[in-house]
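User: I am new to this structure and should be grateful for a close look at a single part of it. Please take the charged side chains and their partners as the subject.

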Amino acid sequence: MSLRVTPHQLLSSMQSDLTRQQSRAADLQRDITSGVRIHRPSDDPHGQEVVLQQKAAVQRYETQLGAIGEARNRLNNAQTQIHEAQQILASAEQIALQARQATDPNELTTLAGEVDSLLQQLVGIANAQYAGESLFAGTATGTAAWTVDESGVPTSYVGSDVTGQILLGGQTAIDVFYTGEEVFGDVARGETVIFGQTGAVPAAGTDTARGSDQLIVRHTATTYAGTSGIQPGTSSADGDTVIGATGTHQLQITDTAGDGSAGVVSLNGGPEFPFTSGDTNLEVTGPNGEVVYVDTTAITAGFNGTVDLTAEGTLSIDGGATEIPIDFSASQTVVDGNDGTFVRLDTTGLTRAGVDIVEYPGTANAFQTLAQLRDTILNTSNLPADERDEQFALRLEDLQRQGGHMLDVIGQQSITLQQLDRLELRTEDLLIEAETVRIETETTDFAASILAFQEEQTMIQYTLASLARVYDVSVLDFIR
Amino acid sequence: MIHLNIGLSALRASQTALNTIANNIANATTEGYHRQEVLQESRAGTIDGSGHSVGAGVDIKQIRRLYDVSVERALSANTSHQAEADARLATLEDIEHLLTPATGSLHAEISDFFDIAEQLAASPSDNVLRSQFVSAADGVVREINRLADSFASLQTELQDQIERDVASVNVLAQQIAEVNEEIRIAEATGTVSNTLLDRRDQLIGELSQLVDVDTQSVGDDGGLVVAAGGWLLIGTSAPELQVDFDDNGMIELHVDSTSVPVNLQSGELAGLVTAHNELVPQAAADVTEWANAFIQSVDQIHATGLGLDGPFSIVNGTRGIDDATLPLDAAGTAFPVTEGQLAITVTEQSTGQRTTHRLTIDPATDSLDDVAALIDGIAGLSALVEPQTGKLTIAAGTGFRFDFAGHLDQQPESSAMTGTTVPTIGGLFTGADNSQWTLTATAAGEVGVTPGLQLEVHNAATGQLITTLDVGEGYEAGQPLEIASGVTLSLSGGTLDSGDAFTVSALSNPDETGLLSALGMRSFFTGTAAGDLQVAPALRSDPSRLATSRSGLPGDTSNLNRFVQLRDERLIGNETLEGQLGDLTGRAGLAVQAVRGEIEQLSSIGERLQAEQVAKSGVDPNEELLSMLEYQRSYQVAARFVTSVDQTLNEVLSLIG
């Protein structure tokens, strides 16, 4: 059954249709003019969520690209600095080779000055900053990495021992702030080497002392075995240079008078020294320059023979501040009272007091290496030529080791930079992908929207036209 | 005998019909008007002189309203449902508007917050970025507070509108009662005016816009109108609807002084009450839940980190509890506290020696006073709960500082060791979970000397072998060896005996309990999402206090990384903070879309019902014109009849005259 339709109903129905069409047309027009199809969440709730996710992702990727750029700048800067440092060490190596052959004191002084200059440059690099942050202080970026003594030589590392990292994308940690120890610190401990005449040799085990030390072997007391009647002279404690367990050194006594009042005495088969019963502090020198002071006032009458000496002493590697009695064992630990580090020594072969140079190859940092080179060039330890040459060899090894290590660090940084490049490419890809999804989801499909808009316009025209036609017909027109 | 009365009756009937038509045409566009029609009936015939029965003319039996009860009832119900949906839609659109992403919206601010965190993580010493980070947090806070205020305003507006609607309902109910009274009187006098009935229907229609009206009330001329879920009974008098509030501030409607709340089925008022009691509180609760998750997480991270100012001398809690003597579960903490350990590290300033103390807290049994007592028992610390505010204060003694960053113990517990070497722990723990390892010497020997001397590292919880450390020949005493996840061990020169063991603990989460954020200890924010939220003033004035590290060093981004990682943590349900916000927005959009669909459907049904109603009751001027012509002609014919009768009678009279 067809419904009865009144003109009022017709009009209101058409008005309702018209309102809907105009509303749709207005929405389409807004989409077209703004270029965006989602203006509020209800336009497309899922699409809105996607847009939000992608917008956040785009923003985040842009931030990450910025962070990658920042990390790259720091690493490039650090790499340049380390490369400079490596060049400095290479220059020092050339100087060392030159100095090894040089004999002219003036030339040596000049070369030592050049090393000093290189050292100052290296200090500048080690405390270099980027954007106000120390490059080589680990996480302690706010302070200089190395403290410097009055002569400008770095004394200790005061940065952090933790490498500063930045986190990219919430997942990838990148080492950016290297610690000073990582770059300029020691590389790999080698076998301890001792230069000197005391007879101390490195013992088994790993030492902890670093760089180099002066090993002071000090004589404290000499005692004589047997019944010869010989006694330490008044200068024995401070003047004897012999060190050794019983029997290491020997005195040969010949009582020429037969009553102990006169005779000759020699040390370790060295030259004979005449004595009388009036000598309380007779200096007796051995074949290698070793010295003992003896008291011959009570030589046993008729004594002719050999007397074993026991020469006690102490060891120190901190300038005498901490002295350790020599126990003539295969492994004796000598501690540096300043920092608690130690060296293990085999003291079984100790024969004389004196000062040895103990070198700990591979444990000197780059600054110590240069400072040591300077000292070697100037031969501050007054080493004989062969030992000085050996020391040069150690310096060169250290320089090469340090230089090689810096190249390793540069290599690590290069790998990190490559990682950053890959990360950057990946982030850029993700950025483009996110942006594409956002655009596809959020922006207007112009072709579809314009066609739909045109359709709505046509519909509006039809509606208005049909309304006008239908409403135009009335019975009134036919009543006269 | 020709009867003039027949003609007269025809004239009268036509006249009445024409009047009815005129009235229909006049009210063709009147809202609520039902067209009327004249029902005629022929008068009973009389026997004329020839013995035949002749009709006596015509009478108007009734002027009838054209009215389809079932359609009118359906239309009333549809109107009511549509009004209810319209009211809900308006509120949902408001909520949608509040959650619509735009520049400066919560979505933008939270993204900025995390973006700047990532930027700062790349340049941790940049003071400008530090300030920007704090400022970005301020932006998030501003939006959280703005949303809280907006929801509160929305509820106030809804309350006002509900009160206005209730007043309108009462006015309409009163008017209906008056019309009912008039109809009752009219019924008593025998004639009920169609206008009165239309008026009554019109009022009921208006009432159904506001509250549900029992469909049986529609078209029941002059009867009882049952509305508002059956609670509003309108006869010749009307009860009053009242607005009340329950203990939670939710609106309840009551009729007169009854205590049982009215349960509205439909109508604008039902929609408004739903919006006020459910939609807005739910949206506000969703945002509050989101905000609390954000605040708690950020505060927790911040509390367990260190700023450039390093460890603290005093920390004042900014969030109090109701009763410091009650177990924390029942004490009214701002955020829930869970069972676990809280680590407090005390640093002796003169030596730099750090000692981490682990307090085990069970919120089911421990009160804040108990916690304060535990902290008070730590050497170098004192703790106090302010009785009035329920806030905790921790202070360090002279020469001490403390923090909650969960540092590694420099000296592990090694009292059971018989060897002479001293273990020292260092490094920075990078693991994701709290960890504990047991290190055991596999043989006796001298550190750095004995070949093959090793320490086995086992996971203390599972016993799993993690790694083996060579500490004999080749190891340099004092040099760090990595145990796991950035934690290092160094041994001094000395000896190890076979079986010598010690335990190393590393904390990823120094506060498993969440107590620090619950009490606002060294927190990023003060207040809660309830409306008093702000960035901690001390942080705002001095961004160097921003806890970006766990060591206090500017290049240490370990804590900052936790802020960055927070972005990807699924904190609420299975969603990240940004995801959840997008979800809330999407849900708001979906709700609007759903109600729009509902309204569209109701509207479509309404249009159909309207068409049916108009088909029955609407005035068609063309139709009326045609009827008018018919009655006009009828009137003309009747008049001619009377004229003819008159002429005929005159003819008869002329015969007499």
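Analyst: The following account considers charged residues that are paired, and then charged residues that are not. The model is a predicted one. Across all chains, a search of the whole structure finds 48 salt bridges.

One of these joins Arg65(B) to Asp201(B), with their closest N and O atoms 3.0 Å apart. This pair links distant parts of the chain, for Arg65(B) belongs to strand 4 (residues 58–65) of chain B and Asp201(B) to helix 5 (residues 194–210) of chain B, 136 residues apart. Arg65(B) counts as buried because its relative accessibility is 9%. Asp201(B), at 12% relative accessibility, likewise counts as buried.

Other salt bridges lie within one helix. Glu84(B) and Arg88(B) meet through their side chains at 2.8 Å, N to O. These two residues are 4 residues apart in helix 2 (residues 69–99) of chain B, and so about one helical turn separates them. Glu84(B) is buried, its relative accessible area being 11%, and Arg88(B) counts as buried at 14%.

In helix 11 (residues 577–617) of chain B, Asp583(B) and Arg587(B) are also 4 residues apart, and therefore separated by about one helical turn. Their salt bridge has its closest N and O atoms 3.6 Å apart. Arg587(B) has a relative accessibility of 39%, so this residue counts as partly exposed.

Salt bridges may also form a network. Such a network links Arg60(A) with Asp115(B), Glu118(B), Arg567(B), Asp568(B) and Glu578(B).

There remain charged residues without such a partner. Arg388(A), in helix 7 (residues 385–442) of chain A, is buried yet has no salt bridge. The nearest side chain of opposite charge is that of Asp389(A), 6.8 Å away, whereas a salt bridge requires a side-chain nitrogen within 4 Å of a carboxyl oxygen. Leaving aside residues up to four places away in sequence, Arg388(A) touches Ala99(A), Leu108(A), Thr376(A), Ile377(A), Asn379(A) and Leu383(A).

At the surface, Asp94(B), Glu157(B), Asp160(B) and Glu163(B) form a negative patch. Helix 4 (residues 127–189) of chain B gives the most to this patch, with 3 residues. Glu163(B) lies in helix 4 of chain B and is partly exposed, with a relative accessible area of 36%. Membership of a patch requires over 30% relative accessible area and no salt bridge.

Notes. Residues numbered from 1 in each chain as written. Chains lettered and ligands numbered in written order. Predicted model: local features only at pLDDT ≥ 70, side-chain atom pairs only at ≥ 80, totals over all residues. Heavy atoms only, no water. Patch = residues over 30% accessible without salt bridge, like charges linked within 9 Å, V, L, I, M, F, W, Y side chains within 5 Å. Areas by Shrake-Rupley, 256 points an atom, 1.4 Å probe, with all protein chains shown as cover. Lys, Arg positive; Asp, Glu negative; His and termini not counted. Charge placed at Lys NZ, Arg CZ, Asp CG, Glu CD. Buried < 20%, exposed > 50% of the residue type's maximum accessible area, 1.4 Å probe, protein only. Contact = heavy atoms within 4.5 Å.
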